[in-house]
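Visitor: I would like a close look at a single part of this model, the first helix and what surrounds it. Please take it in one connected account, with the rest of the chain as background.

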Amino acid sequence: MSAISECVLCGCDATGKAKVEGVVVDVCDRCSRFGQPIKNIEYKIRKRKISSSLDESVLAKDFHANVRHAREKKGLTQEELAKKLSEKHSVIKRLEEGWKPPMNLILKIEKFFGINLREDVVDMTVESELDSKKLTIGDVVDIK
Ligand SMILES: [Zn+2]
């Protein structure tokens, strides 16, 4: 192979790369219009959802105290709160004793009281809608 690559379309000295029918090839200036010049390809990283499993590091250590405070502030008994959340009284009772409730219940309580029971966690949904990142000739990656 010579140091200078040849344009696959016409055989003259290639000046860049282009994607022709899905394949990255060397092309010259004139031929690059037949393909999709690599440097103009833009791509976006799709929104990626990191599965948000709730573990103790996420749930605030004193979440149960927070629930109790929020409940008492509203002047609700455990039973009344249970009713409002469509949960069993025992669920609320256990929760205030420090039992780790399932995620849906946590969300329900947070919504009901307008409080946050979790530690400050970086938003679980990574909105990495990066600005269209332009590729340079050097970044010859296979984009599918
Ligand atoms: Zn050419």
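What follows starts with the chain as a whole, goes on to the helix, and ends with the parts away from it.

Guide: This is a predicted model, so confidence comes before geometry. The mean pLDDT of the protein chain is 75, and 66% of its residues reach 70 or more. Helix α2 (residues 78–84) has the highest confidence, at a mean of 97, while strand β5 (residues 48–49) has the lowest, at 41. Two stretches should be read with that in mind. Over residues 40–57 pLDDT stays under 50, and the model has 26 contacts beyond four places in sequence for them. Over residues 123–137 pLDDT also stays under 50, again with 26 contacts beyond four places in sequence.

The chain contains 4 helices and 7 strands. Read from the N terminus, the order of elements is β-β-β-β-β-α-α-α-α-β-β, and α1 covers residues 63–73. Of the 144 residues in the protein chain, 13% are buried. Among contacts with a separation of 6 or more, 48% are between residues 24 or more positions apart.

Now the helix itself. The buried residues of α1 are Phe63, Val67 and Arg71. They lie on the same side of α1, because they cover an arc of only 75 degrees around the axis. That buried side packs against α2, α3 and α4. The face turned away from the buried side carries Ala65, Glu72 and Lys73, which are exposed.

Arg68 is also in helix α1. Arg68 counts as partly exposed because it has 17 C-beta neighbours inside 10 Å, and a residue needs 20 or more to be buried. Arg68 and Glu96 are 28 residues apart in sequence, yet their C-alpha atoms are 6.2 Å apart in space.

Two of the buried residues named above, Phe63 and Val67, belong to the largest nonpolar core. This core has 8 residues in all, and the others are Leu81, Ile92, Leu95, Ile106, Ile109 and Leu117. Two or more residues come from each of α1, α3 (89–96) and α4 (103–113). Ile109 shows how the core is joined to α1: leaving aside neighbours within four places in sequence, Ile109 is in contact with Val67, Leu85 and Leu117. Another core lies apart from this one; it has 5 residues, among them Cys7, Ala14, Ala18 and Cys31.

Next, the backbone beyond the helix. After α1 comes Gly75, with a positive phi near 70 degrees. Further along, Ser86 sits in the loop between α2 and α3. Ser86 is not a glycine, but it has a positive phi of about 55 degrees. Most residues other than glycine have a negative phi. Ser86 is exposed, because it has 7 other C-beta atoms within 10 Å.

For a contrast with the helices, turn to the hairpin formed by β1 and β2, which has 2 residues between its strands. Glu21 in the turn has a positive phi of about 50 degrees. Strand β1 (residues 16–20) and β2 run antiparallel and are joined by 5 bridges. Gly16 stands opposite Val27 in β2, and Lys19 has Val24 as its bridge partner there.

Val23 lies in strand β2, which covers residues 23–27. Val23 is exposed, because 10 other C-beta atoms lie within 10 Å, and the limit for an exposed residue is 12 or fewer. Val23 and Gly35 are 12 residues apart in sequence, with 9.4 Å between their C-alpha atoms.

To return to the part you asked about: α1 has its buried residues on the same side, packs through them against α2, α3 and α4, and gives two or more residues to the largest nonpolar core. The exposed residues Ala65, Glu72 and Lys73 are on the face turned away from that buried side.

Methods. Residues are numbered from 1 along each chain as its sequence is written. This is a predicted model: local features need pLDDT of at least 70, side-chain atom pairs count only at pLDDT 80 or more; totals for chains, interfaces and linings use all residues. A nonpolar core is a set of buried Ala, Val, Leu, Ile, Met, Phe, Trp, Tyr and Cys residues joined through C-beta atoms within 7 Å. Two residues are in contact if their C-beta atoms, placed from the backbone, lie within 7 Å. Two strands pair if DSSP finds at least two bridges between them. pLDDT is the predictor's confidence in each residue, from 0 to 100. The arc is that of the directions from the helix axis to the C-beta atoms.
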